[in-house]
Amino acid sequence: MVITRDGTAVAAIVPMEECNELEAAVDELLARKALRTLAEEGDTPRATLVDVLADLFGTSAPEVT
């Protein structure tokens with residue numbers, strides 16, 4: 001079943017089994033992409049947790065002294 005707003009599809013109702021399969025497929029694709037990125041970057045420095053949180057919340061990372 002497709003839900004529309006002003007004639008545009010905005011959502012779909014699917015059985016939970018299909019939803020779970022889609023989520024598993026997305027997880028697999030993201031994991032493969034992460035592994036490719038790690039393989040390509042080698043020993044390149046990674047982001048810190050502070051950097052990730054700053055990126056998520058749109059604030060600057062505090063200076064560490």
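How many positive and negative side chains does the chain have, and how far apart do the centres of the two sets lie?

1. Charge. The chain carries 13 negative side chains and 5 positive ones. The centres of these two sets lie 5 Å apart. Readers should keep in mind that this is a predicted model.

2. Fold and order of elements. Two strands and two helices make up the secondary structure of the chain. Along the sequence they come in the order β-β-α-α. The strands are β1, at residues 2-5, and β2, at residues 8-12. Helix α1 covers residues 16-41.

3. Overall dimensions. The radius of gyration of the chain is 19 Å, whereas a compact globule of 65 residues would have one near 11 Å. Along the principal axes, the C-alpha atoms occupy a box of roughly 55 × 30 × 20 Å.

4. Burial and surface. Of the 65 residues in the chain, 2% are buried. The exposed area comes to about 6,100 Å², and 60% of that area is supplied by carbon and sulfur atoms.

5. Helix α1. This helix has 26 residues. Its first and last C-alpha atoms are 37 Å apart, close to the 38 Å expected at 1.5 Å a residue. Gly42 follows just after α1 and takes a positive phi of about 60°.

6. Salt bridge. How many salt bridges does the chain have? The count is one. It joins the side chains of Arg32 and Glu28, with an N to O distance of 2.9 Å, inside the 4 Å cut-off. Arg32 and Glu28 are four residues apart in helix α1, so about one helical turn separates them. An α-helix has 3.6 residues a turn, so residues three or four places apart point the same way. Neither partner is buried: Arg32 is partly exposed at a relative accessible area of 48%, and Glu28 is partly exposed at 40%.

7. Loop between the strands. Which residue has a positive phi although it is not a glycine? Asp6 does, with a phi of about 55°. Asp6 sits in the loop that connects β1 and β2. Is Asp6 buried or exposed? Asp6 counts as exposed because its relative accessibility is 80%, and the cut-off for exposed is over 50%.

Technical notes:
Residues numbered from 1 in each chain as written. Predicted model: local features only at pLDDT ≥ 70, side-chain atom pairs only at ≥ 80, totals over all residues. Heavy atoms only, no water. Expected span 1.5 Å × (residues − 1). Rg over C-alpha atoms; globule rule 2.2 N^0.38 Å. Buried < 20%, exposed > 50% of the residue type's maximum accessible area, 1.4 Å probe, protein only. Areas by Shrake-Rupley, 256 points an atom, 1.4 Å probe, with all protein chains shown as cover. Lys, Arg positive; Asp, Glu negative; His and termini not counted. Charge placed at Lys NZ, Arg CZ, Asp CG, Glu CD.
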